[in-house]
Amino acid sequence: MYHIDFASRTPIYEQLYNNILQLISMNILKSDEKLPPVRTLAVDLGINPNTVSKVYKLLEQNGYIYTGIGRGSFISPVSNKENAEKQLALEEFEQSAKKAYGMGITKEKLINIINSL
């Protein structure tokens, strides 16, 4: 269900964060569903537990999950599905814009494309 590409230049925490957002937006992870414990997910993915903990904290700060002390972390209510989709779209747009800019497309050209929408 979760996937990390160790060959990617994208940081592992960012990959996991985006992966969880994608699962929320696709309604695979549903409202009030429990996420795996930090240590369990870290072992399953072969990553440091601190990385998983960082992702869970970011998700909680952004309202995608909530934590019950001693109970674990859970997906926030369904209303966040739309927010997760928007966040994913913005992150994909940012990656595409960086790639285009890195290939020599001018800032003005990118702005013109946005303005034409």
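# Notebook: loops, helices and a core

I started in a loop today: Asp 32 sits between α1 and α2. I looked up its backbone and found a positive phi of about 65°, although Asp 32 is not a glycine. I also checked its surface: the relative accessibility of Asp 32 is 45%, so it counts as partly exposed. A reminder to myself before going on: this is a predicted model.

**Another residue in that loop**

I went to Asn 27 next, which is also placed in the loop between α1 and α2. Its phi is near 65°, again a positive value in a residue other than glycine. Asn 27 has a relative accessible area of 33% and is therefore partly exposed.

**The whole chain**

I stepped back for an overview. I counted five helices and two strands in the chain. Read from the N terminus, the order of elements is α-α-α-β-β-α-α. Along the principal axes, the C-alpha atoms fill a box of roughly 50 × 35 × 20 Å. Of the 117 residues in the chain, 30% are buried. I also looked at how far along the sequence the contacts reach. Taking contacts between residues at least 6 apart in sequence, 55% join residues at least 24 apart.

**The start of the chain**

Where does Met 1 lie? I found Met 1 in the segment before α1. Its relative accessibility is 60%, so I noted Met 1 as exposed. Exposed or not, Met 1 has partners: leaving out residues up to four places away in sequence, it touches Asn 19, Leu 23, Ile 28 and Leu 29. For one of these partners, Ile 28, I looked up the C-alpha separation from Met 1, which is 9.3 Å for two residues 27 apart along the chain.

**α1 against α3**

I then turned to helix pairs. Two packed helices are described by the angle between their axes and the distance between the axes, and I looked up both values here. The axes of α1 (residues 12–25) and α3 (residues 49–61) come within 9 Å and cross at roughly 50°. That angle makes α1 oblique to α3. The crossing of α1 past α3 is right-handed.

Which residues make the contact? From α1, I listed Ile 12, Tyr 13, Leu 16, Tyr 17, Ile 20 and Leu 21. From α3, the list is Thr 51, Val 52, Lys 54, Val 55, Tyr 56, Leu 58 and Leu 59. Sorted by class, the contact of α1 with α3 has eleven nonpolar residues, one polar and one charged.

**α2 against α3**

I looked up the same values for α2 and α3. Their axes come within 8 Å and cross at roughly 120°. I had to check the cut-off for this one: 65 to 115 degrees counts as roughly perpendicular and over 145 as roughly antiparallel, so α2 is oblique to α3. This crossing is right-handed too.

On the α2 side I found Val 38, Leu 41 and Ala 42, which meet Pro 49, Val 52, Ser 53 and Tyr 56 in α3. The residues of this contact divide into six nonpolar, one polar and no charged.

**Between α2 and α3**

I paused at Gly 46, in the loop between α2 and α3. With a relative accessibility of 57%, Gly 46 counts as exposed. Its C-alpha atom is separated by 9.2 Å from that of Ile 4, although Gly 46 and Ile 4 are 42 residues apart along the chain.

**The core**

In soluble globular proteins, nonpolar side chains tend to be buried together. With that in mind, I looked up the largest nonpolar core of this model, and it has 23 residues. The members with the most contacts inside it are Tyr 2, Leu 16, Ile 20, Leu 29, Tyr 56 and Leu 59. I noted which elements give two or more residues to the core: α1, α2 (38–45), α3 and α4 (80–102). The largest share, six residues, comes from α1.

**One last residue: Tyr 56**

What does Tyr 56 touch, not counting residues up to four places away in sequence? My list for Tyr 56 is Ile 20, Leu 35, Pro 36, Val 38, Leu 41, Ile 65 and Ser 73. I had already written Tyr 56 down in the contact of α1 with α3, and again where α2 meets α3. Tyr 56 is also one of the core residues with the most contacts, and I closed the notebook there.

How values were computed: Residues numbered from 1 in each chain as written. Predicted model: local features only at pLDDT ≥ 70, side-chain atom pairs only at ≥ 80, totals over all residues. Heavy atoms only, no water. Axes fitted to C-alpha atoms, helices over the stretch in contact; angles between N-to-C directions. Helix = DSSP H or I, 4+ residues; strand = E, 2+ residues; numbered from the N terminus. Parallel < 35°, antiparallel > 145°, perpendicular 65-115°, else oblique. Left-handed = near helix turned anticlockwise from the far one by under 90°. Contact = heavy atoms within 4.5 Å. Nonpolar A, V, L, I, M, F, W, Y, C, P; charged D, E, K, R; others polar. Core = buried A, V, L, I, M, F, W, Y, C linked by side-chain atoms within 4.5 Å. Buried < 20%, exposed > 50% of the residue type's maximum accessible area, 1.4 Å probe, protein only.
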